[in-house]
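Biologist: Please take a close look at one part of this protein, the nonpolar patch on its surface, and set it in the context of the whole chain.

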Amino acid sequence: ARYAVSLFRVNHYLDSFEAYSYRNDTRASMRQCKECYEKKGSGAAVAMDNDISPWLRKFVDLVGYEKAQRLLSNAGDFVKLE
């Protein structure tokens with residue numbers, strides 16, 4: 001119940017293997033292990049909501065369609081940084 005009325009929420013999720021493994025940091029060797037990824041995700045509770053979705057419409061209204069399209073054009077892409 002406290003979650004439902006809180007003003008600030010933090011959600012953590014595992015995401016796709018591509019998103020999980022793209023970072024080249026001190027945990028890179030573990031992050032490249034698909035078996036480790038699957039094990040980590042197997043015990044996670046699955047839940048989804050769209051509480052945050054309204055931000056996108058407001059963002060487009062604020063900056064305009066063309067600028068929003070340009071700013072978000074690569075959203076979700078993962079670039080390997082060496």
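Modeller: A residue is called buried under 20% relative accessible area, exposed over 50%, and partly exposed in between. The model is a predicted one, and its overall architecture comes first. The protein has six helices and zero strands, so that, read from the N terminus, its elements run α-α-α-α-α-α. Of the 82 residues, 10% are buried. The accessible surface of the protein comes to about 7,600 Å², with carbon and sulfur atoms supplying 57% of it. As for the contacts between residues at least 6 apart in sequence, 33% join residues at least 24 apart.

The patch that you ask about covers about 360 Å² and is nonpolar. Its members are Trp55, Leu56, Leu71 and Leu72. Leu72 is found in the segment after helix 6, which spans 65-71. The relative accessibility of Leu72 is 30%, and this residue is therefore partly exposed.

The cysteines at positions 33 and 36 may also interest a biochemist. Cys33 has a relative accessible area of 24%; because this value falls between the limits of 20% and 50%, Cys33 is partly exposed. Cys36, with a relative accessible area of 32%, is likewise partly exposed. A disulfide would require a pair of cysteine sulfur atoms within 2.5 Å, and a search of the whole structure finds zero disulfides.

Definitions and conventions
Residues numbered from 1 in each chain as written. Predicted model: local features only at pLDDT ≥ 70, side-chain atom pairs only at ≥ 80, totals over all residues. Heavy atoms only, no water. Buried < 20%, exposed > 50% of the residue type's maximum accessible area, 1.4 Å probe, protein only. Patch = residues over 30% accessible without salt bridge, like charges linked within 9 Å, V, L, I, M, F, W, Y side chains within 5 Å. Areas by Shrake-Rupley, 256 points an atom, 1.4 Å probe, with all protein chains shown as cover. Salt bridge = Lys/Arg side-chain N within 4 Å of Asp/Glu carboxyl O. Helix = DSSP H or I, 4+ residues; strand = E, 2+ residues; numbered from the N terminus. Contact = heavy atoms within 4.5 Å.
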